[in-house]
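Hi,

Here is the structure I said I would pass on. Have a look at it first, and then read my notes below.

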Amino acid sequence: MKLLNLSNRYYFIGLFVVSLIGGLSSYFVINNIINTEFNNKLLAEKEELIEELNTYDELVSSSRINIGDYITIKKVDTNPKIHAIIKDTVLFHKYQKKELNFRQITFSDKIKDDYYIITITKSLLSSEDLIRGVTEIITLISVLFFATMLILSNIISRKIWVSFYSTLAQIKEFNVKKPNPLLFNKTKILEFQELNTTLELMVNQVNKDYKNLKEYTENTSHEIQTPLAIIKNKIELLMQDEGFSEQQSAILSQVYESTRRLSKLKDNLSLLSKIDNNQFIETSKLSLADYIKDRVDNVEELLTMKNIEVTMDLVDNLVIDINETMAYVLFNNLIGNALKHNIESGKLIIRLTNDYFEIKNTGLPLEIPEEELFKRFKKYGNRSDSTGLGLSLVNRIVEYYDFSIDYRNKDNWHEIVLKF
């Protein structure tokens, strides 16, 4: 959810609660004021009626009294001692032709020498109309207030957040491989100024760190390569000398193998670093069926030595965009692992469809948990020629291109499925 929508939601929830409480409070206050005034009016009319009845004899029996909507005057023999009782009632209104709400005051009094029970009834229609009108006005004002707040909030927020979205767009387009200078919009908002300043410092530091890391990786790889090559050459010369004993020759062979493995480890770590630093951007169209056939042909001699039966089922029309170096590492490692960890007179099955590449091989049971197979420096078997980075490289390339890879082991069959 966008920040603007989230903040507006909280604003409007708060405003709605306040408006609801304020509207209900206003309604009850206005209703109470009107009722109080109405009751006071009835009490005043009571006093006025008593005064007129005491003043004019003919009014007791007359229906022409201009007080209240309905007045009843009932003569009684004894004093009922009724103080003013005010209550609401419902009566049929002959002009409105429907039942309406009325307020009624009932009291008793002595007029001249006789006792009377008098009732004054007044319609509440005008008061209800007033309350209804006030309620409608409050509701209309609340709706207009909410609509105005919504419109102003969107207009003002969009204007305020222009610089933020401009900054966000530049950050999205930022590429550490091809860093462009960040040109943030000038803004008067202090928080956005601090954000732009912090981002600028951070991007500059990222560029500097990336450059230093890249140079360090390249320099380290170059500097290690030369002494390793010299060591390997010197060992090869020593191994050709027939003056060494069998034990010394075996030690030299072990040193040579360790040196060769160290060189391979250096190359793999360097390759992982380059992948992590996005140094394989250029891609090309690659026909996978032909490419896989070439990779298998390259290991034909090893297949023959281990007497491995190969079965291939490849679609001919699948072409993907991939960097050539990464394609070589990806498929060479998958095929190489299937061959390296196969058994004598084993089987190798390779299948390629428009959706996935599958490679299956016979082999010994896995010696490590399946979930750790693609981690760095994890290897199954105790092969001295393995660096433990082959499948880690495969997994990193898979992540780089948003592919997916799964491993299954069943009945001593090792199966890897690469989905494009």
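To start with one side chain: is K285 buried or exposed? K285 is exposed, because its relative accessibility is 64%. Bear in mind as you read on that this is a predicted model.

**Salt bridges**

K285 is a good way into the charged pairs. Its partner in a salt bridge is D321, and the closest N and O atoms of the two are 3.2 Å apart. This pair ties together distant parts of the chain: K285 sits in strand β5 (residues 284-287) and D321 in strand β7, 36 residues apart. D321 has 40% relative accessibility, so D321 counts as partly exposed.

How many salt bridges does a search of the whole structure find? The answer is 9. Besides K285 and D321, I looked at two of the pairs.

- R408 and E415 meet through their side chains at 2.9 Å, N to O. R408 is partly exposed at 43% relative accessibility, whereas E415, at 14%, counts as buried.
- K46 pairs with E47, with 3.8 Å between the closest N and O atoms. Here the lysine is the buried partner: K46 has 17% relative accessibility, and buried means under 20%. E47 is partly exposed, with a relative accessible area of 47%.

**The nonpolar core**

Next, the inside. The largest nonpolar core has 40 residues, and I292, L330, L334, F357 and L418 are those with the most contacts inside it. Helices and strands both feed this core: α6 (288-298), β7 (319-322), α8 (324-340), β8 (347-352), β9 (356-362), α9 (390-400), β10 (404-410) and β11 (413-419) each supply at least two of its residues. Which of them gives the largest share? That is α8, with 9 residues.

So α8 deserves its own look. The helix has 17 residues and reaches 23 Å from its first C-alpha to its last, close to the 24 Å expected at 1.5 Å a residue. Its buried residues are M326, A327, V329, L330, F331, N333, L334, I335, N337, A338 and L339. L330 and L334, both on that list, are also among the core residues with the most contacts.

**A helix with one buried face**

Helix α3 (residues 162-173) makes a nice second case. With 12 residues, α3 spans 17 Å between its first and last C-alpha, close to the expected 16 Å. S163, S166, T167 and Q170 are its buried residues. Why do they line one face of the helix? Seen down the axis of α3, these buried residues fall within an arc of 100°, so they share one face. The general rule behind such a pattern is that an α-helix has 3.6 residues a turn, so residues three or four places apart point the same way.

**A nonpolar patch on the surface**

Out on the surface, Y10, I13, F16, V17, L20, I21, L24, Y27 and F28 form a nonpolar patch, with about 910 Å² of accessible area together. F16 lies in helix α1 (residues 3-55), and Y27 is placed in helix α1 too. Y27 is partly exposed, at a relative accessible area of 33%. What lies 6.7 Å from Y27 in space, C-alpha to C-alpha? It is T135, which is 108 residues from Y27 in sequence.

Another pair for your list is M239 and I251, 12 residues apart in sequence and 9.9 Å apart in space, again C-alpha to C-alpha. M239 belongs to helix α4 (residues 190-240) and is partly exposed, with a relative accessible area of 38%.

**Backbone angles to check**

Finally, some phi values. Most residues other than glycine have a negative phi. Where does K81, with its positive phi, sit? K81 is in the loop between β1 (70-76) and β2 (85-93), and its phi is about 55° although K81 is not a glycine. K81 is also exposed, with a relative accessible area of 64%. S345 is another non-glycine residue with a positive phi, near 60°, and its place is in the loop between α8 and β8.

Over to you.

Best wishes

Conventions:
Residues numbered from 1 in each chain as written. Predicted model: local features only at pLDDT ≥ 70, side-chain atom pairs only at ≥ 80, totals over all residues. Heavy atoms only, no water. Patch = residues over 30% accessible without salt bridge, like charges linked within 9 Å, V, L, I, M, F, W, Y side chains within 5 Å. Areas by Shrake-Rupley, 256 points an atom, 1.4 Å probe, with all protein chains shown as cover. Salt bridge = Lys/Arg side-chain N within 4 Å of Asp/Glu carboxyl O. Helix = DSSP H or I, 4+ residues; strand = E, 2+ residues; numbered from the N terminus. Expected span 1.5 Å × (residues − 1). Buried < 20%, exposed > 50% of the residue type's maximum accessible area, 1.4 Å probe, protein only. Arc of directions from axis to C-beta. Core = buried A, V, L, I, M, F, W, Y, C linked by side-chain atoms within 4.5 Å.
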